[in-house]
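Student: Got a minute to go through a structure with me? I'd like to start with the rings.
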Amino acid sequence: MIVRKNTRIMITGARGFLGNHVVNSFKAKNYSNLVTLSSKDFDLRKENQVRKLFRVYPDVEVVVHLAGDVGGIQYSRSHPAKQFYNNLLINTFMLHYSSINKVEKFVGIGSVCEYPATATIPYREDEIWNGYPVASNDAYGLSKRAMLAQSISYNREFGFNAIHLLINNLYGPGDNFLETQAHVIPSLIMRFHNAMINEEKRVVVWGKENVSREFVYVNDIADSIVKATVKYNKVEPLNIGSASETTIKDVSMLIAKIVGFEGEIIFDDSKPSGQSRRKMDGTMAKKELNLSFRTKLNDGLKKTYSYYLNLLRK
């Protein structure tokens with residue numbers, strides 16, 4: 001479909017970390033006919049609430065579906081059943097009712113967690129079904145894979161235009177700094193900041209120092225989602241990542257320097273690390289969308305730490 005500046009676009013999870021940035025990105029590009037929703041507006045786990053949503057907003061043409069039950073590795077390990085159940089309901093109802101209410105395009109946000117634990121590096125989209133996800137966040141990954149399977153099925157039977165974007169480890173202003181739910185970078189920022197304030201001589205980081213991740217600044221991902229919403233119309237999943245890779249040791253040293261911590265960094269490999277490496281192949285995204293990512297890791301980390309300091313002042 002052709003997405004115009006006045007196309008009626010619904011964004012779920014619009015007040016979340018990623019959602020807030022996606023809304024701002026649409027607005028910055030002069031898409032003004034937006035419906036922005038959060039869990040306070042509708043409980044998307046409940047079918048009657050999703051039915052009501054489409055009665056209230058019958059003119060929606062595009063759904064950008066960001067809502068979900070998300071968290072860091074501690075949260076995913078502690079609540080796999082809750083996370084799987086909630087996401088399965090949210091995704092299934094939203095895609096189904098988007099289809100039967102004649103929405104012209106559904107943008108599903110998937111995750112690097114969908115990839116098999118044994119997938120080759122860098123991850124290619126055609127490998128996503130070739131094995132079981134890593135155990136530390138398998139429930140989350142499988143709930144996202146189910147949405148991809150639903151997209152494929154609805155496209156095959158009904159011709160429904162449902163795309164599926166696979167995103168990697170996000171970070172940036174607005175991230176979750178709750179200790180029990182924080183992802184890697186917020187957790188490290190809090191740990192090093194507290195150690196610096198308390199004049200501690202060392203910081204212990206969970207996992208192995210050589211574990212690597214593809215960290216992508218949230219504004220870059222948000223801009224990419226907007227671009228895919230406008231330009232991508234294929235049922236095959238699409239990686240949205242920077243194709244760069246950074247070890248936990250390197251990102252820890254960067255954060256320590258930014259925060260001003262000068263003590264020792266110890267890596268506790270008895271703690272969970274997740275997959276040893278994560279890096280996406282960006283070939284298809286480059287071909288389909290000509291994607292590029294502007295924000296260097298060091299610059300993004302500085303902005304994220306500034307955001308955290310502002311949080312502490314409130």
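Tutor: We'll go through ring pairs, then a helix, then a loop residue. Keep in mind that this is a predicted model.

Student: How many aromatic pairs does the structure hold?
Tutor: Seven. Take F177 and Y308: their ring centres are 4.8 Å apart and the planes sit at 20 degrees, so this pair is stacked.

Student: Where do F177 and Y308 lie?
Tutor: F177 is in the loop between β6 (169-171) and α6 (184-197), and Y308 is in helix α10 (residues 297-313). The pair therefore ties together parts that are 131 residues apart in sequence.

Student: Are F177 and Y308 buried or exposed?
Tutor: Both are buried. Ring pairs also link F177 and Y308 with Y307 in a cluster.

Student: New topic, helix α4. What span should its 21 residues have?
Tutor: At 1.5 Å a residue, α4 (residues 80-100) should span 30 Å. The end C-alpha atoms are 30 Å apart, so the two agree.

Student: What do the buried residues of α4 pack against?
Tutor: Three strands, β1 (9-12), β3 (62-65) and β4 (105-111), plus the helices α2 (47-56), α3 (73-78) and α5 (138-158). Among those buried residues are I90, F93, M94 and L95, along with N86, N87 and N91.

Student: And what phi does K102 take, just after α4?
Tutor: A positive one, about 65 degrees.

Student: Last one. Where is D59?
Tutor: In the loop between α2 and β3. At 42% relative accessibility, D59 counts as partly exposed.

Student: Which side chain does the D59 side chain contact?
Tutor: That of R8, in a polar contact at 3.4 Å. D59 is also 9.8 Å from M10, C-alpha to C-alpha, with their positions 49 residues apart in sequence.

How values were computed:
Residues numbered from 1 in each chain as written. Predicted model: local features only at pLDDT ≥ 70, side-chain atom pairs only at ≥ 80, totals over all residues. Heavy atoms only, no water. Phe/Tyr/Trp six-rings, centres within 6.5 Å; stacked < 30°, edge-to-face > 60°. Helix = DSSP H or I, 4+ residues; strand = E, 2+ residues; numbered from the N terminus. Buried < 20%, exposed > 50% of the residue type's maximum accessible area, 1.4 Å probe, protein only. Expected span 1.5 Å × (residues − 1). Contact = heavy atoms within 4.5 Å. Polar contact = N/O pair within 3.5 Å; in protein donor to acceptor, adjacent residues only side chain to side chain.
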